[in-house]
Amino acid sequence: MANAVSELERERDLPLGRIRFLAQIETPAALQSLAAIASAHPRMVAMALGPEDFSTSVGGVPELDLLLTPNLSVLFAARAAGLLPLGFIGSIGEFSDTGIIREAAAHARRLGFAGALAIHPKQVAIFNEAFSPSPQELEWARRILAAEKDATAQGRGAFALDGKMVDAPVIRRA
């Protein structure tokens with residue numbers, strides 16, 4: 001596949017490597033090969049679980065109980081390989097109930113997903129909002145970084161803010 005894409009880029013005078021790949025995991029067999037898929041080619045940039053296809057392939061329906069573990073597996077494999085983990089726990093076909101989509105996207109972000117694939121224009125604004133930091137999160141990050149600057153000046157690597165310990169992982173998140 002990558003060779004065919006490279007050839008098409010050459011034929012169309014596109015920069016070599018400009019077209020990137022997103023792997024959509026749709027079967028239990030693919031789930032067993034996540035690390036290999038994630039590192040299959042330098043063009044890989046993201047991974048997502050195809051909830052409808054995956055659920056059908058195991059004879060189930062796209063609900064939380066069935067999708068949580070495979071979604072987390074994709075999340076972990078993508079993060080381990082430096083790829084963007086995309087998705088949410090639920091049916092991708094559920095686009096008319098914006099409340100369900102909003103809740104699922106917020107849950108996915110809390111789990112560590114970086115975004116989600118939209119199949120309908122109604123989903124785009126919801127996903128953009130859900131996967132972007134809120135004003136409160138931005139303020140929290142600013143406070144963490146300011147406190148970290150003060151702590152570093154005092155020779156401390158960890159410190160307390162709002163009654164909570166802050167160290168390197170919290171600072172990276174900020």
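This text leads through a predicted model, starting from a residue in its first numbered helix and moving on to its two largest pockets.

Ala-4 is a part of helix H1, which covers residues 2-11. With a relative accessibility of 44%, Ala-4 counts as partly exposed, because that class takes in values between 20% and 50%. Computed along the chain as a count of residues, Ala-4 and Ile-100 are 96 apart, while in space their C-alpha atoms are separated by 39 Å.

The largest pocket holds about 350 Å³ of space, and its lining consists of Arg-109, Arg-110, Pro-133, Glu-137, Leu-138, Trp-140, Ala-141, Arg-173 and Ala-174. Two helices, H6 (98-111) and H8 (135-153), each contribute at least two residues to this lining, and H8 gives the most, with four residues. In chemical character, the lining of the largest pocket comprises five nonpolar and four charged residues, with no polar ones.

The second largest pocket has a volume of about 180 Å³, and the residues that line this pocket are Trp-140, Ile-144, Leu-161, Asp-162, Lys-164, Met-165, Val-166, Val-170 and Arg-173. Two or more of these residues come from each of H8, strand S5 (164-166) and helix H9 (168-173), and S5 accounts for the largest share, three residues. Here the lining divides into six nonpolar and three charged residues, again with no polar ones.

Read together, the two linings have Trp-140 and Arg-173 in common, and H8 supplies residues to the largest pocket as well as to the second largest pocket.

Key. Residues numbered from 1 in each chain as written. Predicted model: local features only at pLDDT ≥ 70, side-chain atom pairs only at ≥ 80, totals over all residues. Heavy atoms only, no water. Buried < 20%, exposed > 50% of the residue type's maximum accessible area, 1.4 Å probe, protein only. 1 Å grid on protein atoms, 1.4 Å probe; cavity = no way out; pocket = protein on both sides within 12 Å on 5 of 7 lines; lining within 4 Å. Points joined across faces, edges and corners; volume = space filled by probe spheres on them. Nonpolar A, V, L, I, M, F, W, Y, C, P; charged D, E, K, R; others polar.
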